[in-house]
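Here are a few notes to go with the model you asked about. Have it open next to you and follow along point by point.

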Amino acid sequence: MNESVPFLDVRATYSELRAELDNAAIGVLQSGSYILGSELKAFEQEFATFCNADYAVGVGNGLDALQLILKAIGVGRGDEVIVPSNTFIATWLAVSHLGATIVPVEPKIETYNIDPSKIEAAITSRTKVIVPVHLYGQPAEMEPIRKIAEQNRLFVVEDAAQSHGATYNGVPVGILGHAAGFSFYPGKNLGAFGDGGAVVTNSVEISASVSRLRNYGSENKYEHLEIGFNSRLDEMQAALLRVKLRRLSKWNERRTNIAKIYLNELKGFDAFILPQLSENCKSAWHLFVIRVQDRVAFQRHMEERGVATAIHYPIPPHIQKAYFNSGMVKGNSFPISEKIHREIVSVPIGPHLRDDQVSQVVGAMKSYRE
Ligand SMILES: *Cc1c(COP(=O)(O)O)cnc(C)c1O
């Protein structure tokens, strides 16, 4: 009987860093400062440095990070925002909450990321922003996207929720557009012990605006300059994230090593379509996603061999009840996204997967026949 390989064990980081995390948590508990204090300031500085950016602003979660950026750059009713048809629903929700219209653009089937060659046809006089998503950790093709944005005077907002530490032409995600939204949901490459997010930018205006918007539209206490929100990264999460941030590069390296093993070992196996990477990209390997014809059979095969799998994501956004026939989306036919959603399966990858577990995943996959 094989020991089972969980898809992800979020407790593993706590086991590794227990003493440091306990100390950080106790420090916050004793400090009496729980919101907008010194831990948040320090984390913002350190995360900005990690992204090679001028500013990071801690917010409540990844969805808010995207929404506050869009609000800061003035997106509202009547505006159109170009998003990938193939993404996690939060990318779309951020646009919808501001009353703007979602204009989905299909991905390249090879990379699952937005296809730059299809963006121009989606641009109208109402288009204000392009939101590329670095899906599964691999950066979108930012060079052509930026060029299109410049020519059409559009903002570029990165959804970097899955790609902490990834690079494109050696440049970290976070500073490849006007601003980027990160998530620190526990399962992300840099995960909090609760919800958390950050806006990263080189723009002093966007940084200042998001700093106000996350805190009731206020710069000085009880003076409110605009209709703000309450979406702040709290001191406890900031303190714990500071501990984990110091390990992030090492953890991402381990993810990369595991991905390399999978790619090497499974090369030439016809049953799977493996992830394809552009040479100029370094993926953060948030997920290792393959495509198979008969996903149900494959998942059963893996389960019988003690390996958990998952699907990211089973239903494309345009088919979700929230959006279907909602009038908030331009277009309703996205066959590439639908095909991807039908065939994808994620196999375990993560910094705390042991070598024997990696071998077990490889072995189970190699014994699969269509
Ligand atoms: C996780 C995620 C988000 C949202 O982050 P939350 O912190 O859960 O709000 C947004 N976009 C993508 C692509 C994500 O994976």
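1. Let's start with a pairing: in which sense do strand 4 and strand 5 pair, and over how many bridges? They pair in the parallel sense, over two bridges. If you want a spot to look at, find I130, which stands opposite V156 in strand 5. Keep in mind throughout that this is a predicted model.

2. Now look at the other pairing of strand 4 (residues 127-130). Strand 2, residues 80-84, is joined to strand 4 by three bridges, and these two run parallel. One position to check is V81, whose bridge partner in strand 4 is V129.

3. Next, what do strand 4, helix 6 and strand 5 make together? The answer is a β-α-β unit, and it is right-handed. Try tracing the chain through strand 4, helix 6 and strand 5 to see this unit for yourself.

4. Stay with helix 6, which spans residues 142-151. M142, I145, I148 and A149 are buried there. These four cover an arc of only 130° around the axis, which means they sit on the same side of helix 6. Turn to the other side of the helix and you'll find E150 and Q151, both exposed.

5. So what covers those buried residues of helix 6? The cover includes strand 4, strand 5 (155-159) and strand 6 (167-168). Two of these, strand 4 and strand 5, you have already met in the β-α-β unit.

6. A small backbone detail: just after helix 6, R153 takes a positive phi of about 50°. It's a nice residue to click on if you are practising reading backbone angles.

7. Strand 6 also belongs to an open sheet of three strands, in the order 7-6-10, with antiparallel pairing. Strand 7 (171-172) and strand 10 (281-282) are the edge strands, each pairing on one side only. Between strand 6 and strand 7 there are two bridges, and T167 has P172 in strand 7 as its bridge partner.

8. Finally, is strand 1 largely enclosed or not, and why? Strand 1 covers residues 55-59, and because four of its five residues are buried, it is largely enclosed by the rest of the structure. Its pairing with strand 9 (residues 197-201) is antiparallel, over five bridges. To find your way along that pair, start from G58, whose bridge partner in strand 9 is A198.

Note on methods: Residues numbered from 1 in each chain as written. Predicted model: local features only at pLDDT ≥ 70, side-chain atom pairs only at ≥ 80, totals over all residues. Heavy atoms only, no water. Buried < 20%, exposed > 50% of the residue type's maximum accessible area, 1.4 Å probe, protein only. Arc of directions from axis to C-beta. Contact = heavy atoms within 4.5 Å. Pairing = 2+ DSSP bridges. Right-handed = clockwise from strand over helix to strand, strands pointing away.
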